[in-house]
Amino acid sequence: MFGLFKKDFQLIAPVSGTTMNLSEVPDEVFAGKMAGDGLAINPTGDVFVAPADGELNLIFKTNHAFALTLSNGVELLVHIGVDTVSLNGEGFERLIEPGVKVKAGTPIIKINKDFILSKGFSLATPLLITNVDDSIKEFKNLIGKTVTGGQDVVLTYKIK
């Protein structure tokens, strides 16, 4: 029973690629951790999945980002690329509608990677815990590793 209070929770890679520190994202809001803390992934894949079991609260109208709330109260944001909102949804395909419970690995957004890159956008994708100050005691992220979306753990954390 005592181990229950010290349980490590895990987030899996929302997309295949290479993990990187948020400070490497070419956007000061993400690099400066103003929207939350976590890590980013430079994607090689084109399907973005739920990084944990939870409720899919929001998919932005332009399909460039989505948010989940986990049963432990942790709030996540996956933001696909930098300034990609300006594409107005072009190159992004919604695979599921918000307001549903999802399992880790559930496909949410598919992108046309070549199209987005051809428009000059970075696809660096932050995976953020947006309420880190309220809910997280400590976390460890995996930086500089090649990961498979929907499979590999990229961040472990303990809740307060």
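Is Tyr157 buried or exposed? Tyr157 is buried, at 2% relative accessibility. Buried means under 20% relative accessible area, exposed over 50%, and partly exposed in between (1.4 Å probe, protein chains only).

The model is predicted: local features need pLDDT of at least 70, side-chain atom pairs count only at pLDDT 80 or more, and totals for chains, interfaces and linings use all residues. Residues are numbered from 1 along each chain as its sequence is written, and side-chain values use heavy atoms, with hydrogens and water left out.

**Exercise 1. Find the aromatic pair and classify its geometry.**

Step 1. Search the whole structure: one aromatic pair turns up. Rings of Phe, Tyr and Trp (its six-membered ring) pair if their centres lie within 6.5 Å. Planes under 30 degrees apart count as stacked, over 60 as edge-to-face and the rest as tilted.

Step 2. Take the geometry. The ring centres of Phe9 and Tyr157 are 5.4 Å apart and the planes stand at 20 degrees, so the pair is stacked.

Step 3. Place the partners. Phe9 is in strand S1 and Tyr157 in strand S14. The pair links parts of the chain 148 residues apart. Helices (H or I, at least four residues) and strands (E, at least two) are DSSP runs, numbered from the N terminus.

**Exercise 2. Describe the salt bridge of Lys158.**

Step 1. Fix the criterion. A salt bridge is a side-chain nitrogen of Lys or Arg within 4 Å of a carboxyl oxygen of Asp or Glu. The structure holds five of them.

Step 2. Name the partner. Lys158 pairs with Asp8, with the closest N and O atoms 2.4 Å apart.

Step 3. Locate both ends. Lys158 lies in strand S14 (residues 153-159) and Asp8 in the segment before S1, so the bridge ties together parts that are 150 residues apart in sequence.

Step 4. Check accessibility. Lys158 is buried, with a relative accessible area of 18%. Asp8 is partly exposed, at 39%.

**Exercise 3. Work through two salt bridges that involve S5, S9 or their neighbouring loops.**

Step 1. Start with Asp53 and Lys103. Their side chains meet in a salt bridge (3.8 Å, N to O). Asp53 sits in the loop between strand S4 (47-49) and S5, and Lys103 in the loop between S9 and strand S10 (107-111). The two residues are 50 apart in the chain.

Step 2. Grade their accessibility. Asp53 is partly exposed at 40%, while Lys103 is exposed at 56%.

Step 3. Turn to Lys101 and Glu55. Their closest N and O atoms are 3.8 Å apart, which makes a salt bridge. Lys101 belongs to strand S9 and Glu55 to strand S5, 46 residues apart.

Step 4. Grade this pair too. Lys101 is exposed at 69%, and Glu55 is partly exposed at 32%.

**Exercise 4. Characterise the largest pocket.**

Step 1. Define it. On a 1 Å grid over the protein atoms alone, a pocket is an open set of points with protein on both sides within 12 Å along at least five of seven lines. The points are those where a 1.4 Å probe fits, and lining residues have an atom within 4 Å of a point.

Step 2. State the volume. It is about 220 Å³. A volume is the space filled by probe spheres set on the grid points, which are joined across faces, edges and corners.

Step 3. Read the lining. There are 14 lining residues, and Asp53, Gly54, Leu70, Ser71 and Asn72 lie nearest the centre. Strands S1 (9-12), S5 (54-59) and S9 (100-102) each give two or more residues to the lining.

Step 4. Sort by chemistry. The lining divides into five nonpolar, five polar and four charged residues. Ala, Val, Leu, Ile, Met, Phe, Trp, Tyr, Cys and Pro count as nonpolar; Asp, Glu, Lys and Arg as charged; the others, Gly among them, as polar.

**Exercise 5. Locate Asn88 and relate its position to Ile136.**

Step 1. Inspect the backbone. Asn88 has a positive phi of about 55 degrees although it is not a glycine.

Step 2. Place it. Asn88 is in the loop between strand S7 (75-79) and strand S8 (92-94). At 63% relative accessibility, Asn88 is exposed.

Step 3. Compare with Ile136, found in strand S12 (residues 136-141). Ile136 is buried at 6%.

Step 4. Give the separation. The C-alpha atoms of Asn88 and Ile136 are 33 Å apart, with their positions 48 residues apart along the chain.
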